[in-house]
Amino acid sequence: MLSGIKIVSFTHFLQGPSATQILADLGADVVKVEPPQGAFERGWSGPDAYVEGVSVFFLLGNRNVRSMAVDLKNEDGKAVLRRLIDGADVLIESFRPGVMDRLGLGYEELRRTNPRLVYCSLSGYGSDGPYKDRPGQDVLIQSLSGLASATGSASGPPTPVGASLVDQHGAVLGALGILAALHGRERTGEGTRVESNLLNAALDLQIEPLSYHLNGFRGQRSASGISSPFYKAPYGVFATADGHLTISLTSTDALSKVLEEPWFRGVEPDAEYAMREEINARIAELLSRKTTRYWTERFAEFGIWHAPVNSYDDVMADPQVCHNETFLSFDHPSAGPVQVLAHPIRYGGQRPGIRRLPPALGEHTGEVLAELGYSAGEIARLMEGGAVHG
């Protein structure tokens, strides 16, 4: 779908690489520009997860892209990049604000020679403002944005979500912005600057609770820690005799039937939020008497909205997850067999696969230079001079 779209990527960590991977999955030609020592994610992996010395953190977000190693402080290297960007449709970068300008690769500078360029900046807080120079990272943003304060019991500490969901949502928003700008360029002939940041992504994730708050509702975390600050009970995870089970948005009349507890019939529908702690306590006590399997079968029989609380091993074996072909396997020349998450969307019943494995550092430097018109002798001179590496 994006075949013919050329993207130059100056991204690192998760938000930027994941955004470019989404576009690369869709067929865009993404050239990842890396410093001679390699992108940050080549030498870092959250739980020190390396497969045969290769960072899983790098493997999860850099498929279908090409790697070009360039010394950004070398004038010959910068000249190579200017030629590459002058022929590109999109530039995407995730440096702190001002870095690209200092490298001579800011939007205003580049649009002079390539007015059709879509220039996407992904940052922590935005390109300007009082926080623009602060480090932007997922758990910091979860805290600053109020997301962490909404999770956990009333008596416990605020609890961040156990995944880098702000980074990933920021990546999706960045890809969305680029696609919209490319579509707009078809009508105007002009590129534009696209700006997204982690703080906005975290607030966007909270569209529902934050909108309640903006309009006067003041929710509180539940004392039992079971319900969210803004939903009626039941809405959360309950312990069974041998595990846990999640129940969602079930009427007290239905609860009365499935739990065989007449007390629930006395709760008026408009009191389900005010009485959520009492409702939670009743449900918790009743569910603790039987096993997860017992309640799962009974809830299914009565049409109650419920789900198991799966571990990642359970998720990998889940029949619907397997049916959806959610995971992607490939053989990496250094790491060997690797599994990652596949592109999450189907198009015409088909899911994009792997055209290119996550590249070695500078694997495509010579190839890209040749496409730009450099001769073999010029490429050799650039490599010998340290302007490019590969």
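## Where H1 meets H7

Let's start with two helices, H1 and H7, in this predicted model. The axes of H1 and H7 come within 8 Å and cross at roughly 50°. That angle makes H1 oblique to H7, because an angle has to be under 35 degrees to count as roughly parallel, and 65 to 115 to count as roughly perpendicular. The crossing of H1 past H7 is right-handed.

Which residues do the touching? From H1 come Gln15, Ser18, Ala19, Ile22 and Leu23, and they meet Asp167, Gln168, Gly170, Ala171, Val172, Ala175, Ile178 and Leu179 in H7. Sort the residues of this H1 and H7 contact by class and you get eight nonpolar, four polar and one charged.

Just before H1 there's a spot to look at on the backbone. Phe13 sits in the loop between E1 and H1. Its phi is near 65°, which is a positive value in a residue other than glycine.

## H7 and its other partner

H7 covers residues 165-188. With 24 residues, H7 reaches 34 Å from its first C-alpha to its last, close to the 34 Å expected at 1.5 Å a residue. Right after H7 comes Gly189, and its phi is positive too, near 80°.

H7 also packs against H8 (residues 198-205), at an angle of about 100° and with the axes 8 Å apart. H7 and H8 are therefore roughly perpendicular to each other. On the H7 side the contact uses Leu165, Val166, Asp167, His169, Gly170 and Leu173, while H8 brings Leu198, Ala201, Ala202, Asp204 and Leu205. By class, that is seven nonpolar, two polar and two charged residues.

If you want to spot shared residues, try Asp167 and Gly170 of H7: they turn up in the contact with H1 and also in the contact with H8.

## The seven-stranded sheet

Now for the strands. Strands of a sheet pair through backbone hydrogen bonds, either parallel or antiparallel. Here, seven strands form an open sheet in the order E8-E7-E6-E1-E2-E5-E14, and the pairing is mixed. Which strands sit at the edges? They are E8 (193-197) and E14 (388-389), each of which pairs on one side only.

Look at the E14 end of this sheet. E14 pairs with E5 (residues 65-70) in the antiparallel sense, over two bridges. One residue pair to find there is Val70 with its bridge partner Val388 in E14.

Both of the helices we began with also pack on this sheet. H1 (residues 15-25) lies across E1, E2, E5, E6, E7 and E8, and runs at about 140° to E7. H7 lies across E6, E7 and E8, running at about 165° to E7.

## The three-stranded sheet

There's another open sheet, with three strands in the order E9-E10-E11 and antiparallel pairing. Its edge strands are E9 (235-239) and E11 (306-308). On average, neighbouring strands of this sheet are turned by 25° against each other, direction ignored.

How many bridges join E9 and E10 (residues 244-248)? The two strands pair over five bridges, in the antiparallel sense. Within this pairing, Ala239 stands opposite His244 in E10. H12 (residues 292-302) packs on the sheet too, touching E10 and E11, and its direction makes about 25° with that of E10. H11 lies across E9 and E10, running at about 35° to E9.

On the way into E9 there's a backbone feature to check. Pro234 lies in the loop between H9 (207-214) and E9. The peptide bond from Ala233 to Pro234 is cis, with omega near 0°.

## H10 and H11

H11 has a helix partner as well. The axes of H10 (residues 252-259) and H11 (residues 276-287) come within 12 Å and cross at roughly 20°. So H10 is roughly parallel to H11. H10 passes H11 in a left-handed crossing.

What does each helix bring to this contact? Thr252, Leu255 and Leu259 in H10 meet Ile279, Ile283, Leu286 and Leu287 in H11. The class split is six nonpolar, one polar and no charged residues.

Note on methods. Residues numbered from 1 in each chain as written. Predicted model: local features only at pLDDT ≥ 70, side-chain atom pairs only at ≥ 80, totals over all residues. Heavy atoms only, no water. Pairing = 2+ DSSP bridges. Helix = DSSP H or I, 4+ residues; strand = E, 2+ residues; numbered from the N terminus. Contact = heavy atoms within 4.5 Å. Axes fitted to C-alpha atoms, helices over the stretch in contact; angles between N-to-C directions. Parallel < 35°, antiparallel > 145°, perpendicular 65-115°, else oblique. Left-handed = near helix turned anticlockwise from the far one by under 90°. Nonpolar A, V, L, I, M, F, W, Y, C, P; charged D, E, K, R; others polar. Expected span 1.5 Å × (residues − 1).
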